[in-house]
Every structure is written in structure tokens, then in C-alpha cells.
Amino acid sequence: MLRGLATVTLWADDLEAARAWYADLLGVEPYYEKPGNGQPAGYYEFRIGDHQAELGIIDRRYAPPGASTAPGGAITHWHVDDVEGSLDRLLAMGATLHTPLTEHGPGFVAASVVDPFGNVLGVMYNSHYLEMLDR
């Protein structure tokens, strides 16, 4: 049923600041903007990583009624080669620690932060990810 990560979406009260922050973090500009064409943006999307996964940032004014503004819920962990270095960079960029660097067994190390816009962002070294990538 679930075949793979398609798009991860995050919310931001200040969409332009979130676009700039993630562009700096990722080293790329978003490839897609909606509505665009001279209209104020409501959504930006980046393609990142080995499989060009989609990371979207939506203006919080489009959040469903009653949606929480507190960090929480499911955590998406993005594979990184250096969890400690990635965590240090995220914290230096203004993110705050959510879950500390934790080893979950050989080949699995994770941490998460809350970005400056209230979203939880996980980073993880995942040996299974690398095995699948080699296939």
C-alpha cells in the first residue's frame, strides 16, 4: 500500500522566511511555486536527495481548521551521512533541539529539531537507506 515517500509538507507563518531558510539549508532554491505568476506565493516545493523527494512549505493560512501550531506528531527523518554535523548546522541556523542524538542500534543514529517555523525535522544515519540505494 505505502510505496515510498512522495512529498513532505511543512507549515510556516512567514512563508518567505521559511523559503529562504530551507534554500540555505538545502543549497537549492525551490523548483515550484504556487500560485506564482506574480501572485504572492502560498506554497514552495524543493526536490532534494538521492531520489529527488519533494519537500513542500505551505503558508499556514491554508492549514486545516483546528490544526495545531505546536511542534509534534509524526517525525520524518531524512538520511544524512553525518548526523552530528547536520544537527550542529541546524542548531547554528536557529533550530532548537527536539530529540537528542540517539543511537537506535548499529547503523541507526537519529536526532530531530524544531525549525524556526515550528516544524519538527528529523535527521538520521540509516544503514538500510544506504543498502537500498546501492541496489
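Contact means heavy atoms within 4.5 Å. Helices (H or I, at least four residues) and strands (E, at least two) are DSSP runs, numbered from the N terminus. Axes are lines fitted to C-alpha atoms, for helices over the stretch in contact, and angles run from 0 to 180 degrees between N-to-C directions.

This is a predicted model: local features need pLDDT of at least 70, side-chain atom pairs count only at pLDDT 80 or more, and totals for chains, interfaces and linings use all residues. Numbering starts from 1 along each chain as its sequence is written, and side-chain values use heavy atoms, without hydrogens and water.

**Exercise 1.** Lay out the sheet that contains β7.

Solution.
- Strand order: β5-β8-β7-β6, an open sheet with mixed pairing. Two strands pair if DSSP finds at least two bridges between them.
- Edges: β5 (77-79) and β6 (96-103) each pair on one side only.
- Twist: the average is 20 degrees from one strand to the next.
- One pair in detail: β6 and β7 (residues 108-114) are antiparallel, over five bridges. T96 has V114 of β7 as its bridge partner.

**Exercise 2.** Place helices α2 and α3 against these strands.

Solution.
- α2 (residues 83-92) lies across β6, β7 and β8 (120-126). Its angle to β7 is about 5 degrees.
- α3 (residues 127-134) packs on the sheet and touches β5, β7 and β8. Its direction makes about 65 degrees with that of β8.

**Exercise 3.** Describe the whole protein, from element pattern to overall span.

Solution.
- Count: three helices and eight strands.
- Pattern along the sequence: β-α-β-β-β-β-α-β-β-β-α.
- Span: the C-alpha trace covers about 50 × 30 × 30 Å along its principal axes.
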